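Me: I'd like a close look at the beginning of this chain and at what it connects to. Could you take me through it step by step?
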Amino acid sequence: MTPVDTPKAGLEGVVATSSAICHIDGERGVLAYAGHDIHDLAREAGFEEVCYLLWHRRLPSRAELGDLRSEFAAARRLPEAMLRLMRSLPAGHAMDALRTLVSALAHSDPEADDQAPPAAYRKAVRLTAQVGSVVATWGRLNAGGGPIEPDPALGHAANFLLLLTGERPSALEARALDVALILHADHELNASTFAARVTAATLSDVHSAAVAGIGALKGPLHGGANAEVMRMLLAIGEDADDARVERTVRDMLARKAKVPGFGHRVYRTEDPRATHLRRMSREMGERSGSTRWYEMSRRIEAVMKAETNIDANVDFYSASTYHMLGIPIELFTPVFAVSRIAGWTAHVLEQYADNRLIRPRAEYVGPEYPQPFTPLDRR
Ligand SMILES: CC(C)(COP(=O)(O)OP(=O)(O)OC[C@H]1O[C@@H](n2cnc3c(N)ncnc32)[C@H](O)[C@@H]1OP(=O)(O)O)[C@@H](O)C(=O)NCCC(=O)NCCS
């Protein structure tokens, strides 16, 4: 078969699969999970409800939500072997550690080799519960603390903060992270989800697909952007005046550098997720007694709007929100994975349910065919 199309750089605008999980209208700024508007979910739902929605394409009843919370609680405690592995890993990028640790989770999963749909679903639930514990515990051990027991009475976001800090979060802190997890949970065929689906389409296992997703998420053009945003804010400095903030952004634009946390392949309006994270950043600032990071972010946003008309994306206000939650910068991108694991696994289950190997073609642009073969001793 001869490929017919000239490739589109970055596959922009190419529809590569059908999916019932996530709908984005980039022109109108609409994001919906299984038909449910993200604004309703960010205001009314909790992360566990959203996980159920992504996996089942409908909201859970109270009983179904209770069952899922129990399944999360049962899976959240990490096996001793995982703690030993965490302690033995050399210092390095937290996403590298997460990639290794999620891969290692397969070794202790009782159904690692069972590809049947019920087992794949149970692995999706377990893995989603465990990724939160892995990231929080990794962060805690790295900061010199000891592992903390999860509390089955707390939700996923609150447990994450408990396992990371050793302290029970306030209602506002738990809700701020809960909202961030809801907003990051899925985003159609983003780079990491595509990577996960391609892996699943070879009929490889759930853990391998998640590891592929983590690898793609790490890059600064994708999940790595939230850490870059915070590094930029810190480099500008908490005490910087507006003039310095504006100068920094204008200098970046003059150098043709990408300002992290701005722009999106799909949205031509404000990223609807940014709307809620902006609110969380302000509320966290007001509660902590300093809205400085929020105000600096507003200033940067205004300069970007005036100079480039490019809007903030999901990563921009998540940075200051996470910072005020006491989450260290190196965990920002892993926290994205704590949420996106729900979307990755939903897409993996959807791929398994109606699978065909994903194997596109490449337009050949190499040396002309056929080339004469010159034997080695005459080259
Ligand atoms: C998200 C992103 C990778 C999308 O990339 P893309 O769809 O390939 O878009 P492009 O990089 O081709 O950008 C299109 C134009 O907008 C400009 N632009 C896009 N994002 C920009 C940013 N953050 N800062 C400054 N200019 C930006 C580009 O320079 C380009 O301008 P040009 O046409 O004059 O060359 C890109 O906007 C980016 O790198 N953003 C910063 C990283 C980030 O926040 N990533 C998280 C995404 S959720």
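How many C-beta neighbours does Leu-11 have inside 10 Å, and does it count as buried, exposed or partly exposed?

Reply: Happy to! Keep in mind that this is a predicted model, in which local features need pLDDT of at least 70 and side-chain atom pairs count only at pLDDT 80 or more, while totals for chains, interfaces and linings use all residues. Residues are numbered from 1 along each chain as its sequence is written.

Leu-11 has 14 C-beta neighbours inside 10 Å, so it counts as partly exposed. The scale runs like this: 20 or more other C-beta atoms within 10 Å of a residue's own make it buried, 12 or fewer make it exposed, and anything in between is partly exposed, with C-beta atoms placed from the backbone. Leu-11 belongs to the segment before S1. Its backbone has a special feature too: the phi of Leu-11 is positive, near 55°, although Leu-11 is not a glycine.

Follow the chain on and you come to strand S1, residues 22-25. Strands (E, at least two residues) and helices (H or I, at least four) are DSSP runs, numbered from the N terminus. The side chains of S1 take turns: Cys-22 and Ile-24 point to one face and are buried, while His-23 and Asp-25 point to the other face and are not buried. That fits a general pattern, since side chains in a regular strand alternate between the two faces of the sheet.

S1 has a partner, S2, and the two make a hairpin with four residues between them. In that turn sits Gly-29, with a positive phi of about 70°. S1 and S2 pair (strands pair if DSSP finds at least two bridges between them) in the antiparallel sense, over four bridges. S2 is also joined to S3 by two bridges, and these two strands run antiparallel as well. Put together, you get an open sheet of three strands in the order S1-S2-S3. S1 and S3 (36-37) are its edge strands, each pairing on one side only.

You can pick out residues that face each other across the sheet. His-23 stands opposite Ala-32 in S2, and Tyr-33 stands opposite His-36 in S3.

Let's stay with Ala-32, which lies in S2 (residues 30-33). It has 17 C-beta neighbours inside 10 Å and therefore counts as partly exposed. Leaving out residues up to four places away in sequence, Ala-32 touches His-23, Asp-37 and Ile-38; residues are in contact if their C-beta atoms, placed from the backbone, lie within 7 Å.

Ala-32 also leads us far along the chain. Glu-188 is 156 residues away in sequence, but the C-alpha atoms of these two residues are separated by 9.7 Å. Glu-188 is located in the loop between H8 and H9. With 18 C-beta neighbours inside 10 Å, it counts as partly exposed. Like Leu-11, Glu-188 is not a glycine and has a positive phi, here of about 55°.

After that loop comes H9 (residues 191-200), which is largely enclosed by the rest of the structure because seven of its 10 residues are buried. Ser-192, Arg-197 and Ala-200 are among the buried ones. Helix H10 (206-217) and H16 are part of what covers them.

Tyr-33 gives us a second path, into the interior. It is one of the contacts of Val-50, which also include Leu-41, Ile-182 and Ala-342, leaving aside neighbours within four places in sequence. Val-50 and Ile-182 are among the residues that touch the most other members of the largest nonpolar core, which has 106 residues. Such a core is a set of buried Ala, Val, Leu, Ile, Met, Phe, Trp, Tyr and Cys residues joined through C-beta atoms within 7 Å. Helix H16 (residues 332-353) gives the most to this core, with 11 residues. The core draws at least three residues from each of the two domains.

Those are domain 1 (18-221 + 345-353) and domain 2 (225-324), with bounds from an automatic or database domain assignment. Their C-alpha centres lie 26 Å apart, and the contact takes 16 residues from domain 1 and 18 from domain 2. Helix H1 (38-44) and H8 (171-184) each supply at least two residues of the side of domain 1 that touches domain 2. H8 gives the most to that side, with six residues.

Technical notes: Contact = placed C-beta atoms within 7 Å.
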